[in-house]
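Trainee: Could you take me through one strand of this model up close, and then show me how that strand sits in the whole?

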Amino acid sequence: MAEIGFYHLTRTPVEQALPALLGRTLDAGRRAVLRCGDAARVKAMDEALWQSADPVWLPHGSAAMGHGALQPIWLTDGPDVPNGATYLFAIDGVDCPDAGTFERVFDLFDGSDADAVAAARRRWVTCREAGHTLVYWQQQAKGWARKA
């Protein structure tokens with residue numbers, strides 16, 4: 001079973017919050033896959049990661065670039081994990097039926113979108129019923145706070 005963290009974005013959009021989390025992932029020596037809602041979102045996240053100021057360098061790729069096995073961070077709108085990632089980042093409310101194959105899952109959702117919050121609550125219940133370890137994180141003025 002995976003540890004699944006639900007990351008409630010309250011101050012910034014995912015494009016601004018995600019780079020720091022991915023940077024920590026790379027610092028920990030892990031590989032990541034970022035699952036997006038569709039191909040257009042993969043392209044937008046690719047651009048956002050290249051423009052990240054902190055961390056300055058987030059090496060990543062997608063099917064458009066190829067060489068999946070070499071990419072520390074893989075961006076996709078499907079279930080592919082060519083880089084052997086142990087961390088899964090899910091945005092846009094994507095379901096991850098294979099969550100148990102990862103060490104950690106990061107489910108990021110927009111706290112200002114009532115539909116996104118309701119969908120995250122449904123995913124929480126599904127993940128709890130599947131036996132995963134769940135953690136709820138809320139974005140703060142600086143960083144994240146673990147909530148009970």
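Mentor: Sure, let's start in the middle of the strand: Val-33 stands opposite Trp-74 in E4. Before we go on, keep in mind that this is a predicted model, where local features need pLDDT of at least 70, side-chain atom pairs count only at pLDDT 80 or more, and totals for chains, interfaces and linings use all residues. Residues are numbered from 1 along each chain as its sequence is written, and side-chain values use heavy atoms, with hydrogens and water left out.

The strand itself is E2, residues 32-35; strands here are DSSP runs of E with at least two residues, helices are runs of H or I with at least four, and both are numbered from the N terminus. Ala-32 and Leu-34 point one way from E2, Val-33 and Arg-35 point the other way, and all are buried, meaning under 20% relative accessible area with a 1.4 Å probe and protein chains only (exposed is over 50%, partly exposed in between). In a regular strand the side chains alternate between the two faces of the sheet.

Now the neighbours. E2 runs parallel to strand E4 (residues 73-76), joined by 4 bridges; two strands count as paired if DSSP finds at least two bridges between them. Besides the Val-33 and Trp-74 match, Arg-35 stands opposite Thr-76 in E4. E2 also pairs with strand E5 (residues 87-90), again in the parallel sense and over 4 bridges. There, Arg-35 has Ala-90 as its bridge partner.

Zoom out and you'll find 8 strands in an open sheet, ordered E3-E4-E2-E5-E6-E1-E7-E8, with mixed pairing. Strand E3 (61-62) and strand E8 (144-147) stand at the edges with a single partner strand each, so one side of each is left without a neighbour in the sheet.

Along the sequence, the protein reads β-α-β-α-β-β-β-β-α-β-β, which comes to 3 helices and 8 strands. Of the contacts between residues at least 6 apart in sequence, 64% join residues at least 24 apart, a contact being heavy atoms within 4.5 Å.

As for overall shape, the protein's radius of gyration is 14 Å, which agrees with the value near 15 Å for a compact globule of 148 residues; it is taken over C-alpha atoms, and the globule rule is 2.2 Å times the number of residues to the power 0.38. The C-alpha atoms fill a box of roughly 40 × 30 × 30 Å along the principal axes. Buried residues, like those in E2, make up 46% of the 148 residues.
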